[in-house]
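Please open the structure in your viewer and keep the selection panel at hand. We will go from stop to stop, and each stop begins with something to select.

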2 protein chains.
Amino acid sequence: MPKFEPIILDEDCAPRRVLELFSVKWTTMVLHSLHFNGGRCRTSALARSLPGCSKKMLTQTLREMERDGLIHRKVYPVVPPMVEYSLTPMGRLFIEPIEMLYAWGAKNDDALSKLRRRRKKHTASKAKAREAQ
Amino acid sequence: MPKFEPIILDEDCAPRRVLELFSVKWTTMVLHSLHFNGGRCRTSALARSLPGCSKKMLTQTLREMERDGLIHRKVYPVVPPMVEYSLTPMGRLFIEPIEMLYAWGAKNDDALSKLRRRRKKHTASKAKAREAQ
DNA sequence: CCGAATCCAGCCGGATACTG
DNA sequence: CAGTATCCGGCTGGATTCGG
């Protein structure tokens with residue numbers, strides 16, 4: 001084997017920063033959904049487009065993304081309330097790599113489907129205990 | 001705003017599968033490191049290239065990746081022990097999008113550095129408590 | 001419809017000690 | 001050097017309830 005010092009992925013290098021953003025569970029999916037809706041979307045529609053994301057998780061993700069400047073939140077003063085999220089320029093910056101990644105995934109779907117499932121879905125254990133009671 | 005039904009990112013679609021893999025903390029970095037070392041690398045070198053990844057996390061990640069068929073593990077019967085990890089064809093499949101993503105990150109480094117920090121590093125709180133004792 | 005707040009079981013992941 | 005085993009504090013994130 002070649003014997004040379006491997007590159008060191010320092011804690012604050014660009015690759016890691018990108019990865020960190022991509023590894024936050026719902027962020028990129030929200031950006032993707034917004035993009036597909038012309039850059040703007042209201043909460044409930046967003047929720048529908050992300051099956052498996054609890055309301056709490058969605059709100060939390062949206063708050064963080066807003067703080068990070070990836071999306072903009074606009075509240076319409078009507079009843080019932082209506083909130084619309086839209087991409088900021090910073091958020092739009094991420095569309096390109098995300099769509100690239102997704103496109104790659106679509107193209108290699110069958111190869112990817114052969115990946116053995118990782119990390120058991122650790123839910124549905126408490127619900128069972130609850131109903132047993 | 002346009003009023004049309006947003007795409008639904010079903011739980012088992014290609015985009016999600018890709019994202020899930022990318023969102024597992026150390027996986028892509030390991031693949032990246034292996035790639036940069038010509039596709040093979042021993043444990044300690046891998047560890048050195050991933051500052052911040054504890055030994056436990058590294059081992060765990062490597063085990064999962066091995067199970068998923070992304071890397072191959074070869075043990076050399078010598079003392080002291082020597083183990084070498086290498087990319088499988090499946091693992092190699094992921095190199096392209098990973099490098100794409102990293103390259104994009106490098107190119108947009110300054111824009112990315114303006115992202116407000118997310119999710120406080122939740123460590124170093126126990127160590128302090130310990131030394132206080 | 002949109003969200004905040006609370007509760008709390010279970011997981012994550014670091015630290016440590018031990019094997020070959 | 002490479003890896004396993006155990007302990008355990010803190011955080012994650014679902015469920016539920018309340019409010020505008």
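The tour visits the two DNA strands, then the sheets, and ends at a helix.

Before we start, note that this is a predicted model, in which local features need pLDDT of at least 70 and side-chain atom pairs count only at pLDDT 80 or more, while totals for chains, interfaces and linings use all residues. Residues are numbered from 1 along each chain as its sequence is written, chains are lettered from A and ligands numbered from 1 in the order in which they are written, and side-chain values use heavy atoms, with hydrogens and water left out.

**Stop 1: DNA strand C**

Select DNA strand C and the residues near it (those with a heavy atom within 4 Å of it). You should find 19 residues, of which A:S44, A:Y85, B:S54, B:K56 and B:P81 are the closest. Of the strand C atoms that come within 4 Å of the protein, 61% are sugar and phosphate.

Now show polar contacts (pairs of N or O atoms within 3.5 Å; within protein, one must be able to donate a hydrogen and the other to accept it, and residues adjacent in sequence count only if both atoms are side-chain atoms). Which distance separates the side chain of A:Y85 from a phosphate oxygen of DNA strand C? An N or O atom of that side chain sits 2.6 Å from the oxygen. Next, pick A:R63, with a side-chain N or O atom 3.0 Å from a phosphate oxygen of the strand, and A:R42, where the corresponding distance from a polar side-chain atom is 3.2 Å.

Colour by element next (helices are DSSP runs of H or I with at least four residues, strands are runs of E with at least two, both numbered from the N terminus). Two or more residues of this surface come from each of α3 (43-48), α4 (55-67) and β3 (82-87) of chain A, and from α4 (55-67) of chain B. The largest share, four residues, belongs to α4(A).

**Stop 2: DNA strand D**

Move the selection to DNA strand D. Here, too, 19 residues lie around the strand, with A:S54, A:K56, B:S44, B:R73 and B:Y85 nearest. Sugar or phosphate makes up 64% of the strand D atoms within 4 Å of the protein, and bases the rest.

Three contacts to phosphate oxygens are worth labelling:

- B:Y85, through a polar side-chain atom at 2.7 Å
- B:S44, through a polar backbone atom at 2.8 Å
- B:R73, through a polar side-chain atom at 2.9 Å

With four residues, α4(B) gives the most to this surface.

**Stop 3: the strands**

Stay with B:R73 and B:Y85: B:Y85 in β3(B) is the bridge partner of B:R73. Their strands, β2 (residues 71-76) and β3 (residues 82-87) of chain B, pair in the antiparallel sense over six bridges (pairing requires at least two DSSP bridges). Five residues form the hairpin connection from β2(B) to β3(B).

Switch to chain A, where three strands make an open antiparallel sheet in the order β1-β3-β2. β1 (40-42) and β2 (71-76) of chain A are at the edges with a single partner strand each, so one side of each has no neighbour in the sheet. From one strand to the next, the twist averages 25° (axes are lines fitted to C-alpha atoms, for helices over the stretch in contact, and angles run from 0 to 180 degrees between N-to-C directions). Zoom in on β1(A) and β3(A), which are joined by three bridges; A:R40 is opposite A:S86 in β3(A).

**Stop 4: helix α6 of chain A**

Finally, select residues 95-107 of chain A, the 13 residues of helix α6. The buried ones (under 20% relative accessible area, 1.4 Å probe, protein chains only; over 50% is exposed, in between partly exposed) include A:I95, A:L101, A:Y102 and A:W104.

How values were computed
The expected span of a helix is 1.5 Å times one less than its number of residues.
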